[in-house]
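Here's a quick briefing to read alongside the model. Have the sequence and the 3D view open as you go through the points.

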Amino acid sequence: MKIGIIGVGNIGGTLARKLHAAGHEVRVANKGGIAGVQKFAEENDVRPADIPGVIDNVHVIILSIPTPAIQQLPGDLFAQLAEDVIVIDTSNYYPGMRDSHIPDIDDGLTESVWVARQIGRPVIKAFNNVLANTLQQLGSPEGTAGRLAIAVAGDVPSHKEVAMSLVNQVGFDAVDAGALADSWRQQPSTPAYCCDLDAVAMRKALADAIPGVASAKRDRLPELFSTLGANPTHEQVIAMNRKVNAV
Ligand SMILES: NC(=O)c1ccc[n+]([C@@H]2O[C@H](COP(=O)([O-])OP(=O)(O)OC[C@H]3O[C@@H](n4cnc5c(N)ncnc54)[C@H](OP(=O)(O)O)[C@@H]3O)[C@@H](O)[C@H]2O)c1
């Protein structure tokens with residue numbers, strides 16, 4: 001497939017490499033026009049693009065930018081997009097830490113529902129509930145015992161099917177997490193969030209989530225993680241997430 005990725009940081013950059021390795025034609029864009037992604041594209045054998053170019057004539061678009069940055073994309077960017085083009089959102093909302101406040105989400109709107117409303121079309125939420133390090137290092141072939149899982153939520157079954165296939169292709173079991181409105185169950189500080197779970201544990205974690213409790217835990221993360229020092233190991237981060245996110 002032709003896949004356009006907006007954002008080539010920890011998650012978007014890793015997905016670009018892995019999806020290229022899986023045989024897809026990948027193009028990438030960030031804030032800096034073609035010049036801004038030229039070096040990344042050359043080093044990773046993908047195509048550099050600007051924002052209009054990255055979505056032109058692709059089958060899948062992956063948005064991998066901070067949540068508030070969605071508002072900085074051109075307002076009519078997706079207006080002419082065919083209905084069968086799949087948009088995947090990897091974002092997580094960290095107000096007061098990395099992100100400026102978005103009142104609708106602060107008032108309880110599910111993060112990717114807000115994203116879908118901003119861009120005016122359905123989105124699939126995926127790749128948000130794994131750490132970048134997990135995505136880079138801990139994928140494994142389909143059928144591997146204990147293979148880690150990624151939750152996938154969305155409202156268009158055909159779009160979700162493709163997103164779940166991409167999850168599988170980059171080394172993870174895809175777990176159907178329901179409709180986009182259900183994707184609060186995979187947001188930061190829920191039991192399913194960035195805990196390196198296999199598919200069985202992921203399904204249980206999604207079911208265990210309790211509405212309204214995660215954002216308060218999320219807001220305490222800087223204080224909690226400061227106890228781990230400046231450079232915690234992956235294992236320390238996962239252990240902290242499991243402890244904090246448990247219901
Ligand atoms: N890091 C993780 O472990 C992790 C895990 C799961 C999900 N996520 C979520 O996935 C998203 C990306 O995370 P990340 O860690 O990959 O972020 P990151 O490393 O900070 O990279 C962000 C990317 O977004 C681009 N960008 C920012 N604003 C933009 C705009 N207005 N237009 C176009 N491109 C823009 C940046 O481009 P410039 O260089 O031009 O600024 C950069 O390439 C976030 O929402 C994050 O919460 C992160």
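## Overall fold

Residues 24 or more positions apart supply 68% of the protein's contacts that have a separation of 6 or more. Keep in mind that this is a predicted model. There are eleven helices and eight strands to find your way around, and with a radius of gyration of 17 Å, close to the 18 Å that the globule rule gives for 247 residues, the protein is as compact as a globular protein of that length.

- Along the principal axes, the C-alpha trace spans about 45 × 40 × 40 Å.
- Of the 247 residues, 53% count as buried.
- The protein exposes about 11,200 Å², and 52% of that comes from carbon and sulfur atoms.

## Two nonpolar cores

- In soluble globular proteins, nonpolar side chains tend to be buried together.
- The largest nonpolar core here has 32 residues. Ile5, Leu19, Val28, Ile88, Phe127 and Leu135 are the ones with the most contacts inside this core.
- Helix H1 (residues 10-21) gives this core its largest share, which is four residues.
- There's also a second, separate core of 29 residues, with Val58, Ile70, Leu77 and Tyr93 among its members.
- What does valine 28 touch once its neighbours within four places in sequence are left aside? The list includes Ile5, Val8, Ala16, Val37, Phe40 and Val46, and it goes on with Arg47, Pro48, Ala49 and Val54.

## Around the ligand

- The ligand is surrounded by 23 residues, and Val8, Ile11, Ile65, Gln72 and Ala132 are the closest.
- At asparagine 10, a polar backbone atom sits 2.9 Å from an oxygen atom of the ligand.
- Glutamine 72 uses its side chain instead: an N or O atom there is 2.9 Å from a nitrogen atom of the ligand.
- Asparagine 92 has a polar backbone atom 3.3 Å from an oxygen atom of the ligand.
- Taken alone the ligand exposes 900 Å², and the protein buries 79% of that.

## Helix H5

- How many of the nine residues of helix H5 (residues 111-119) are buried? Seven are, so H5 is largely enclosed by the rest of the structure.
- The buried residues in H5 are Glu111, Ser112, Val113, Trp114, Val115, Ala116 and Ile119.
- The cover over the buried residues of H5 includes three strands to look for, E4 (60-63), E5 (86-89) and E6 (124-125), along with helix H4 (103-106) and helix H9 (214-219).
- Right after H5 comes glycine 120, with a positive phi near 75 degrees.

## Positive phi outside glycine

- Asparagine 57 isn't a glycine, yet its phi is positive, about 60 degrees. You'll find asparagine 57 in the loop between helix H3 (51-55) and E4.
- Is asparagine 57 buried or exposed? With a relative accessible area of 54%, asparagine 57 is exposed.
- Phenylalanine 127 is a residue other than glycine with a positive phi as well, near 65 degrees. Phenylalanine 127 is in the loop between E6 and H6.
- Phenylalanine 127 is buried, with a relative accessible area of 1%, and is one of the residues with the most contacts inside the largest nonpolar core.

## Two more spots to click on

- Threonine 134 belongs to helix H6 (residues 132-137) and is buried, with a relative accessible area of 0%.
- Which side chain does the side chain of threonine 134 make a polar contact with? The partner is histidine 234, at 3.4 Å.
- Not counting residues up to four places away in sequence, threonine 134 touches Gly139, Leu148, Phe172, Asp196 and His234.
- Glycine 23 lies in the loop between H1 and strand E2 (25-29), and is exposed, with a relative accessible area of 62%.
- Glycine 23 and methionine 1 are 22 residues apart along the chain, and their C-alpha atoms are separated by 8.2 Å.

Methods. Residues are numbered from 1 along each chain as its sequence is written. This is a predicted model: local features need pLDDT of at least 70, side-chain atom pairs count only at pLDDT 80 or more; totals for chains, interfaces and linings use all residues. Side-chain values use heavy atoms; hydrogens and water are left out. A nonpolar core is a set of buried Ala, Val, Leu, Ile, Met, Phe, Trp, Tyr and Cys residues joined through side-chain atoms within 4.5 Å. Buried means under 20% relative accessible area, exposed over 50%, partly exposed in between (1.4 Å probe, protein chains only). Helices (H or I, at least four residues) and strands (E, at least two) are DSSP runs, numbered from the N terminus. Contact means heavy atoms within 4.5 Å. A residue is near a molecule or strand if one of its heavy atoms lies within 4 Å of it. A polar contact is a pair of N or O atoms within 3.5 Å; within protein, one must be able to donate a hydrogen and the other to accept it, and residues adjacent in sequence count only if both atoms are side-chain atoms. Accessible areas come from the Shrake-Rupley method with a 1.4 Å probe; for residues, only the protein chains shown count as cover. The radius of gyration is taken over C-alpha atoms; the globule rule is 2.2 Å times the number of residues to the power 0.38.
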